[in-house]
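Colleague: Please take me through this model, stating for each term the criterion on which it rests.

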Amino acid sequence: MTKFPYIRKKLLPLFFSMLVGMSFGACQPTNSNPEPTTAFADPTPVQTAQISATKVGAKTPLVVFAAGSLIIPFADIESAFEAKYPDIDVRAEYHGSIQVMRHVTELHEPIDIVATADASLVPMLMYATNNPDTGRPYADWFIRFAGNELVLAYTPDSRYVDELTSETWPQILSLPDIKYGLPDPRFDAAGYRAMMAFALQENSLERYDLFKGMYKDQFTFPVTIFREDGLTLIRIPEILETKSETHILIRGASVFLIALLQSGDLDYAFEYKSVIKQHGLEMLELPPEVNLSAEELRDFYKNVEVRLDFQRFSTVDPHFIAEPIEYAVTIPDSSPHPEKAELFIQFLLSDEGKAIMQRNYHPLLASFPANGYVNMPASLQAITNPEE
Amino acid sequence: MNRKLFIGLFVLVFVLAGCQPASVPEVEAPVEEPPVAEPTALMEEPTAVPEPTAIPEPTEEVSQEPILELIGPDSTISFSMADLKALPATEGMAGIKSSTGKITLPNKFKGVALQDLADLVGGLNESMGVNIVAEDGYSLSYSYDQILNGTYIAYNPVSGDELKSHDALTAIVAYEMNGNPLNVDMDGNLRLVIISKDGNQVTDGHWSIKWVDKVEVRPMIMDWVLAVNGAIDTEIDRASFESCVSCHEATWTDDVGQVWKGVELWRLMGYADDAVKHEGWSYDVKLAKAGYDVRIAAADGFDTTVWSDDADRNHDWVVAMLVDDAPLEEKNFPLKFVGAGLEKKQMVGGIALIELMVPAFEEAAEEEVQETEPAVVVDLSGSAFAVTGMVKTPTGFTEESLRALDVVTITAEHPKSGSAEFEGVRLSDLLDLAGVKDGATTLVFTADDGFSSEVSLAEVLAIPDCLLGFTETPGKFKMVMPGLPSNTWVKGVVSIEVK
């Protein structure tokens, strides 16, 4: 496309944005985050892009829809991949993981690669929905390629930071004079995972007052926790808004909380470890029972479920069971360029891809278990192994 | 891209950046911006989503096809585009900030305010919301506060920073963008947008919905009805049940410390155990003691049956509508039978019916009985206190028989003497036992010195802490009437006549 592909794609818009910004409101203070990042769930049909699947000049467009927490590492993957395959033009869009799949299964957009922050969504949504053009499921395999870890982000100026430990955090977050940021669990996986953190801590300690201490009486319609037969159910109401006197700030996406942390408007927020490291913020690492990173605790995690008390998507039953955070990648049945998509996944999982992800604090798994291994292209079977 | 131009731009930006933050979010231009005003590189940004240029349509050919269904609590209205355009229009500027920080600068939209639509089907109150549904099934709900007060987060459209304060924001169902009809292929006929007067702010992208075809104005709290069938069939709706709980709250705490709150089963039996259903105050103790099956059934048919005598004034068997002060979850909603001594399989959730296996009431026979039945004469001579008048069973009590009931200790404020602790039996329990008849409105308290005082039955029922209080002298009682005048706090009370 150009001899400065990265500069052209990534920096020019930034420069022009700054020019536009200065012409509209020169010198006004801002605390926007340096780069747009983590944003899982998201938006709306307004964001729906009609992306052409046709070739752009001599290049083949390869459309990648990925989870918001992959923005920063995938930008580097994209650049390196395009440098290696100059005939391919990667076009990446980032949304919440559910929204990513909805673009395939409900909006039927020509998407070549789907990368989600929640592997369980692939069978839930793509296996279960057929491509009307072929009569086959939108996907019948996926590769688990990375994990992540829930952490509690803060700044050196956060209140009570000197008293913050992996035991005291629930009590500190519930103090009325701290500002706690909550990604909206209706839109952002980080939001329902933040809710899960309290329930997991309760189950770990067998102390059942932490969730209520944090969330009871904070919302106009209640967020509730209920236990029965060893299972913990957290319910999110259709309308989630805080009461006026609350110390909880809800934002639509976790990326917005990073900006508020940096500006001092927030004291604490749950985020993903990779994202916090990418932004250079402080973080409290949580016990494995809470941080959703330990495969060996899968059975412990799964007793916590978050359910949305409404149907947001026609094809999604909105309930989320706690489990280790796993990122997955697949090629939709409707991909216009499946062979090029295979190249992208091969590159992502290659030593070069591993190095790029590692450099961006989002390391890949040591090996890549594949669900639906027998259905995968041979080139990807060669670099993965059937999951147990 | 010309290399010199690029270098020139870089230098210019570098100079100007001295008073700017290190970066700003991606910004999209509104469609009315001339294309030349935006750099081509920006337009090529993969994540950028240009607003499509609207396709003008001749205004004289406004479609009469239904494009929007407005559903209210009691009515549904279907609108064509012409119908919508005939409503008062609201105009303003709307732009969005996506969850990844990308900004679409404000465009001018015209449409009908959500509040105006809600008003067409009865309006909104604080317990209601508006659910917007798109053609593909996507939906999202907006709160009363958002619709009436515009309580959205707003951002500076240039820097992307959250604004500490912002201009008024209004949700509209838009049918025009920048003076033209929406692009049907891209936006659908209608689009939900959040507008403000000027284009100096944007809102979260998730509040902006394309392809809108349905607006539902509805309560956010789901209503339900409990059927209680027996001698008569009756129904208790959510509001009535809540009212019952506020007067006769009963709780049970499970093994993980969750507090279930509702009404004791026996009080609900009183609604249908005979023909007297008067606000549930007609519980037939004798019938319950004689024994009958009480079947508690879920909407899906799952049920359990208990014996009426076991339920009789059993304070540990609760039909709960709240757990930890929150409505029950989907599996148990709206009511669950819980309590001490019950097996798990007896704790039926999702209750829709309580069925009392008693003979059906035959109205004609009852009328005949009423015509010929002599007044009930009960010898109360051995009692220290009696409930008489319009009750099914005039009942006398001694200190001992009262203390065998559910004795409570409360702190109550006497209008003159101030706060003190009182021990006694709830008046509502005594009235339950006696069985207040239909049409009763007043209680007359009479003291041993002949003093008497009247109070409204409804007022007493609204105050769960009204007691027949014990005194230091066995066999002597006093009324404890928190919230009511001092003349109702009758000392030495010997009877309550229900009138």
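Modeller: The following exchange treats confidence, then helices, strands and backbone geometry.

Colleague: How do you know which features may be discussed, and how are the residues numbered?

Modeller: This is a predicted model, in which local features need pLDDT of at least 70 and side-chain atom pairs count only at pLDDT 80 or more, whereas totals for chains, interfaces and linings use all residues. Residues are numbered from 1 along each chain as its sequence is written, with chains lettered from A and ligands numbered from 1 in the order in which they are written.

Colleague: What does the predictor report about chain B and about the complex?

Modeller: The pLDDT is the predictor's confidence in each residue, from 0 to 100. For chain B the average is 82, and 82% of the residues score at least 70. Over residues 5-24 of chain B, however, the pLDDT is below 50, and this stretch has 29 contacts in the model beyond near neighbours in sequence. A contact requires that the C-beta atoms of two residues, placed from the backbone, lie within 7 Å. Residues 31-59 of chain B also stay under 50, with 55 contacts beyond four places in sequence. Where pLDDT is low, the predicted coordinates should not be read in detail. For the complex, the predictor gives an ipTM of 0.70 and a pTM of 0.68.

Colleague: What makes a residue buried, and how does helix α13 of chain A divide into buried and exposed residues?

Modeller: A residue is buried if 20 or more other C-beta atoms lie within 10 Å of its own, exposed if 12 or fewer, and partly exposed in between, with C-beta atoms placed from the backbone. Helices (H or I, at least four residues) and strands (E, at least two) are DSSP runs, numbered from the N terminus. In α13(A), residues 351-359, the buried ones are A:G353, A:I356 and A:M357. They lie on the same side of α13(A) because they cover an arc of only 95° around the axis, the arc being that of the directions from the helix axis to the C-beta atoms. A:D351, A:Q358 and A:R359 are exposed on the other side. The buried residues of α13(A) pack against α2 (71-84), β4 (142-147) and α12 (338-348) of chain A.

Colleague: Why is helix α13 of chain B described as mostly covered?

Modeller: Seven of the eight residues in α13(B), which spans 427-434, are buried. Among them are B:L427, B:L430, B:L431 and B:A434. The elements covering the buried residues include α7 (238-247), β27 (418-426) and α14 (457-461) of chain B. The residue that follows α13(B) is B:G435, with a positive phi near 80°.

Colleague: What makes two strands a pair, and which strands are at the edges of the five-stranded sheet in chain B?

Modeller: Two strands pair if DSSP finds at least two bridges between them. The five strands form an open sheet of mixed pairing, in the order β3-β2-β13-β6-β7 (chain B). Its edge strands are β3 (76-80) and β7 (139-143) of chain B, as each pairs on one side only. Strand β6 (128-134) of chain B and β7(B) share five bridges in the antiparallel sense, and B:S143 in β7(B) is the bridge partner of B:G129.

Colleague: How do you know that both faces of strand β6 in chain A are covered, and what are its partners?

Modeller: In β6(A), residues 180-183, A:Y180 and A:L182 on one side and A:G181 and A:P183 on the other are all buried. Four bridges join β6(A) to the parallel strand β9 (248-251) of chain A, where A:I250 is the bridge partner of A:L182. Strand β10 (268-272) of chain A is also parallel to β6(A) and is joined by two bridges; there A:A269 stands opposite A:G181.

Colleague: Why are A:Y361 and B:N178 called partly exposed, and what is notable in their backbones?

Modeller: Most residues other than glycine have a negative phi, and most peptide bonds are trans. A:Y361 is not a glycine, yet its phi is positive, about 65°. A:Y361 has 17 C-beta neighbours inside 10 Å and therefore counts as partly exposed. B:N178, likewise not a glycine, has a positive phi of about 55°. With 14 C-beta neighbours inside 10 Å, B:N178 therefore also counts as partly exposed.

Colleague: Which peptide bond is cis?

Modeller: A cis peptide bond joins B:F333 and B:P334, with omega about 5°. B:P334 is in the loop between β21 (326-327) and β22 (336-339) of chain B.
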